[in-house]
Amino acid sequence: DHNKLALPVGTTLDRFIMRKQEDFPYATGELSQLLRDIALAAKIVNREINRSGLIDIAGAYGSQNVQGEDQQKLDVIANIRFIRALRNGGEVCTIISEEDEEMIQTGNNQGKYVVAIDPLDGSSNIDVNVSIGTIFSIYRRVSPTGTEGTERDCLQTGTHQVAAGYVIYGSSTMLVYTTGNGVNGFTYEASLGEFFLSHPHITTPKTGAIYSINEGSSDHFSEGTTAFVAYCKQQNYSARYIGSLVADFHRNLLKGGIYMYPATKKAPKGKLRLMYECNSLAFIVEQAGGKSSDGRNRTMELEPKGMHERSPLFIGSTELVEKAEEFLAAEYSDV
Ligand code: P6P
């Protein structure tokens, strides 16, 4: 039937969401609406980011933000915008955000979903015009509706994700997401205010010739990480590290490669956050045929202990992640 036809490039995000909802006979539309709420916030944040380049100039003429205060940092603005869109959308009861220590209750106690979000990752890159991104995961709440969401709602393993995605604000702005049936990419046309399907059914190459890691930290790498990086060099792979997770991940997803933020002696759990960076990208990469682990354990099976806990991340083409795990296994066997 027409639902099974691949939707043509150029389909709008709205139509895509509606058509995909039809594939779920019992869907009642809340997740569809939640995805639309996220897309709306992404459009608003995209506009703020594009304007921010001018704020310094405009700032000299006293430009102020929506709250009439002095220009806030973009990650604060993005956090406000995503929380407001999710609160107004009504489908989400509770949010955990990289920007807030505590859970955020939206007041929608009937909401069936919980969102974990990094509203603007890598925002230190914004002033130098490097692509930055929003990263999010969506879970079904486990506590009864009609009450506030709980920590248990927020600390589910990555395998319980209902959807995950990222927005990359770059030379063009894209929304890439999965609901567990493959990965699709949409490119934003600002003049029309619409996301259009531009990358249907994204699959990541089984292997690749790109490795992404901050080699400035190599004095603090474990033996296994050091050995795998040496292997990449012997293979004449290209070193590509932008220092903006979404930009590095997105390039490797499309071209093949591995992104690593390993445990180091300084950061024994690495730097990246499990709930709204590692798990979100792990769901996407697995749905695209890739792999994600902490160097040993599948990222999506890690038991979260805290909302902001960190995890080492080895993510990308399956063969490269497995090769890295081989090198790291050697150091575990000593244990
Ligand atoms: P480092 C940006 O601060 C970020 O969270 C990711 O976007 C990026 O991949 C990583 O940290 C860069 O960290 O330690 O290499 O500067």
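The exercises below work through the fold of one predicted model, each with a stepwise solution.

The model is predicted, with local features needing pLDDT of at least 70 and side-chain atom pairs counting only at pLDDT 80 or more, while totals for chains, interfaces and linings use all residues. Residues are numbered from 1 along each chain as its sequence is written, and side-chain values use heavy atoms, with hydrogens and water left out.

**Exercise 1. Describe the overall dimensions of the protein and its content of helices and strands.**

Step 1. The protein holds 8 helices and 13 strands, where helices (H or I, at least four residues) and strands (E, at least two) are DSSP runs numbered from the N terminus.

Step 2. The C-alpha trace spans about 55 × 50 × 40 Å along its principal axes. A compact globule of 335 residues would have a radius of gyration near 20 Å, and the protein agrees because its own value is 20 Å; this radius is taken over C-alpha atoms, and the globule rule is 2.2 Å times the number of residues to the power 0.38.

Step 3. Of the 335 residues, 51% count as buried, a term that means under 20% relative accessible area, with exposed over 50% and partly exposed in between (1.4 Å probe, protein chains only).

**Exercise 2. Trace the order of the open sheet and identify its edges.**

Step 1. The open sheet consists of 8 strands in the order β2-β1-β3-β4-β5-β6-β7-β8, with mixed pairing; two strands pair if DSSP finds at least two bridges between them.

Step 2. The edge strands are β2 (104-105) and β8 (194-199), and since each has a single partner strand, one side of each is left without a neighbour in the sheet.

Step 3. Within the sheet, β3 (residues 113-121) and β4 (residues 132-140) are antiparallel and share 7 bridges, with V115 opposite I138 in β4.

Step 4. At the β8 edge, β7 and β8 run antiparallel and are joined by 5 bridges, and Y188 has F195 in β8 as its bridge partner. These two strands form a hairpin with 4 residues between them, and G193 in the turn has a positive phi of about 65°.

**Exercise 3. Place helix α3 against the sheet and list its buried residues.**

Step 1. Helix α3 (residues 74-89) lies across β1 (92-97), β2, β3, β4 and β5 (161-169), running at about 160° to β3; axes are lines fitted to C-alpha atoms, for helices over the stretch in contact (heavy atoms within 4.5 Å), and angles run from 0 to 180 degrees between N-to-C directions.

Step 2. The buried residues of α3 are L74, D75, I77, A78, N79, R81, F82, I83, A85 and L86.

Step 3. Just after α3, G90 takes a positive phi of about 85°.

**Exercise 4. Locate the nonpolar cores and the surroundings of L34.**

Step 1. The largest nonpolar core has 41 residues, and those with the most contacts inside it are L34, I138, Y169 and Y177; such a core is a set of buried Ala, Val, Leu, Ile, Met, Phe, Trp, Tyr and Cys residues joined through side-chain atoms within 4.5 Å.

Step 2. Helix α2 (residues 30-59) supplies the largest share of this core, 9 residues.

Step 3. Leaving aside neighbours within four places in sequence, L34 is in contact with L86, E91, V92, Y113, V115 and I138.

Step 4. A second, separate core of 34 residues includes V114, A116, L155 and M174.
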